[in-house]
Amino acid sequence: MATPKEIFEQIFSIFKGLSITQKILGVVVIAVVVGGLISLTSAGKEGSYKVLFSGLNQEDAGEVVMKLKDQRIPYQLSEDGGAILVPASQVYEVRLSLAGEGLPRGGGVGFEIFNQSSFGQTDFVQRLNYQRALQGELARTIRNFQQVIEARVHIATPKESVFIEDEKPPTASISVKLRGREKLNQHEIQSVVNLVASAVPGLTTDNITLVDTSGRLLYRKQAEGEGILTGNQLEYQVRIEETLRQKVETMLEEVVGVNRARARVTAEIDFNKVEKTEESFDPEAQVVRSEQMLTENDQRGGANPEGIPGVKGELATFGDGGGEGGAAGGYNRNNVTRNYEISKQTKHTQDKGGTVKRLSIAVMVDGSYEKSVDKDGKTSLKYQPRSAEEMRDLDKLVKNAIGFSEERGDQVEVASLPFALSAVPEPEPDALEKYRAMLEWLAMPLVYLLVAVLVLLFVIKPFLKILAAKQLETRTGGILAKAGVHGPLVGGVPAEEEDFALAPRGLTDQERIYRLAQSDPDRAADLVRRWLREEV
């Protein structure tokens, strides 16, 4: 076995025998191989670390780093310091360990402030700590929104009063820092406001203000008054117009073609809130509410005559009785009192608004085109408007799609007009258009493969061939010199010798000459003639 010194001397002798081009090529190949190994090694090291937490504030990042140091866990910080990386095999274990200790806290102070209670705290301090904890917990919850990076919640709780008329409701203000150019839509803003209002007793959404760090007012108490269009109302109006526009365009594109119909919708919405109470009476529909009946029955005559009090009354009574032969007398009295209830109907109607008052729709439809070629061979398109019958059909389709109503005064206008750039002839379809995406997808891998094959054929293979030839010459130089296998001198320069670089290794000279005679007799004969000329 060769010693390291002999191997080094052999490599040096091989390198010394190369030409200048071969030396430069060999250096380039070695540099590329070494650079690739270094890049792979560095990539492997970087790939072994994964993100533990990202987007932490300074307080949480400092606490997490301190815990990692205490547990002697290796970590790395990103270039901007916004992420903490740990070995990939320990990511989930470290997360669970830190979560057990309440890290990361998400900024601010939460209800963990009550984990350690101290004696001697006043009631004011307890209320203040509770308010701080509530503000911190709300800020952490709001920070869970994808668009929010930082959040602060400030709650103002007025002092309690023993008089109800002097009580004031609590108020709150929220400040959020959004991620990049992202924005909170109206539903997300309302969710944040309702979240805070539900967490604080006595707090309503009217007493909450939401702003971002750019100074934009995202939410405040909506003003109540006539002629004021709120953000929700404007969004509702735009949504109705957009829905009707899509209905009309998608329907017409099925008839006239894609991108050959345009519609614009203007909707007048009635947002007035109306409360109406009606009372109607039906005099013909009567119902007995109460009934009272009084009956009196009085019998007179016999031994107990009765009559009008007084002397004159008795005389008149006796006189009447004698005239009738003493017949009995009396009277009956019936009194009925009925109370009737007239039918009454009370109707209370509350209209929250949002009804469509009127619609105005304008529709443009592109016509058809005839292709013509002039004497010079130039192709042009001639516009042909659509027929009146076809336009009437399209007008009916549009009216039915939007729910046209003449009572509301809706207006619909459908016109056939040439679209811009319609006079330019459409390009001929490319036969390879459907395969273009596949070709683009395969282009770069094929280029990389071609470069690798070229480097293998024209760089690595010649270099390895040269190294193998030099090594074979070094090993078989003495044997070939003894056997006389060398070319004649031509002008003081040795002629081209036989190439044994590709000959099988581990064979004697006689076996090689025997195989050469079997495989290539002409070459073996030429070799024998050389030996004869050298002996002569």
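Here are four short exercises with worked solutions on this predicted model.

**Exercise 1. Work out the strand order of the three-stranded open sheet, and find which helices pack on it.**

Start with the order: the strands run β1-β3-β2, with antiparallel pairing. Next, look at the edges, where β1 (49-54) and β2 (76-77) each pair on one side only. Now zoom in on β1 and β3 (residues 83-87), which are joined by five bridges and run antiparallel. For a landmark in this pairing, take valine 51, whose bridge partner in β3 is leucine 85. Finally, add the helices. Helix α3 (residues 58-70) lies across β1, β2 and β3, at about 20 degrees to β3. Helix α4 (residues 91-100) touches β1 and β3, and its direction makes about 25 degrees with that of β1.

**Exercise 2. Describe the largest nonpolar core and find which element gives the most to it.**

First, the size: this core has 23 residues, and Ile142, Ile174, Val176, Val196 and Ile208 have the most contacts inside it. Then list the elements that give two or more residues: α5 (123-143), β4 (148-156), β5 (171-178), α6 (186-199) and β6 (208-212). Of the contributors, α6 gives the most, with five residues. To see one residue in its surroundings, pick isoleucine 208: leaving aside residues up to four places away in sequence, its contacts include Ala172, Ile174, Val193, Val196 and Tyr219. Keep this core apart from a second, separate one of 21 residues, which includes Val265, Phe271, Leu359 and Leu394.

**Exercise 3. Decide whether each partner in the salt bridge between glutamate 150 and arginine 143 is buried or partly exposed.**

Begin with the contact itself: the two side chains meet at 3.7 Å, N to O. Arginine 143 has 16% relative accessibility. Buried means under 20%, so arginine 143 counts as buried. Glutamate 150, at 27%, is partly exposed.

**Exercise 4. Compare where the partners lie in the arginine 338–glutamate 291 and arginine 529–aspartate 526 salt bridges.**

Take arginine 338 and glutamate 291 first: their closest N and O atoms are 2.8 Å apart. Arginine 338 sits in strand β10 (residues 329-351) and glutamate 291 in strand β9 (residues 274-300), so the pair ties together parts 47 residues apart in sequence. Now turn to arginine 529 and aspartate 526, whose side chains meet at 3.8 Å, N to O. Both lie in helix α12 (residues 521-535), three residues apart, about one turn of the helix. As a last step, note that Glu242, Arg245, Glu249 and Arg264 are joined into one network by salt bridges that share partners.

Terms used. Residues numbered from 1 in each chain as written. Predicted model: local features only at pLDDT ≥ 70, side-chain atom pairs only at ≥ 80, totals over all residues. Heavy atoms only, no water. Pairing = 2+ DSSP bridges. Helix = DSSP H or I, 4+ residues; strand = E, 2+ residues; numbered from the N terminus. Contact = heavy atoms within 4.5 Å. Axes fitted to C-alpha atoms, helices over the stretch in contact; angles between N-to-C directions. Core = buried A, V, L, I, M, F, W, Y, C linked by side-chain atoms within 4.5 Å. Buried < 20%, exposed > 50% of the residue type's maximum accessible area, 1.4 Å probe, protein only. Salt bridge = Lys/Arg side-chain N within 4 Å of Asp/Glu carboxyl O.
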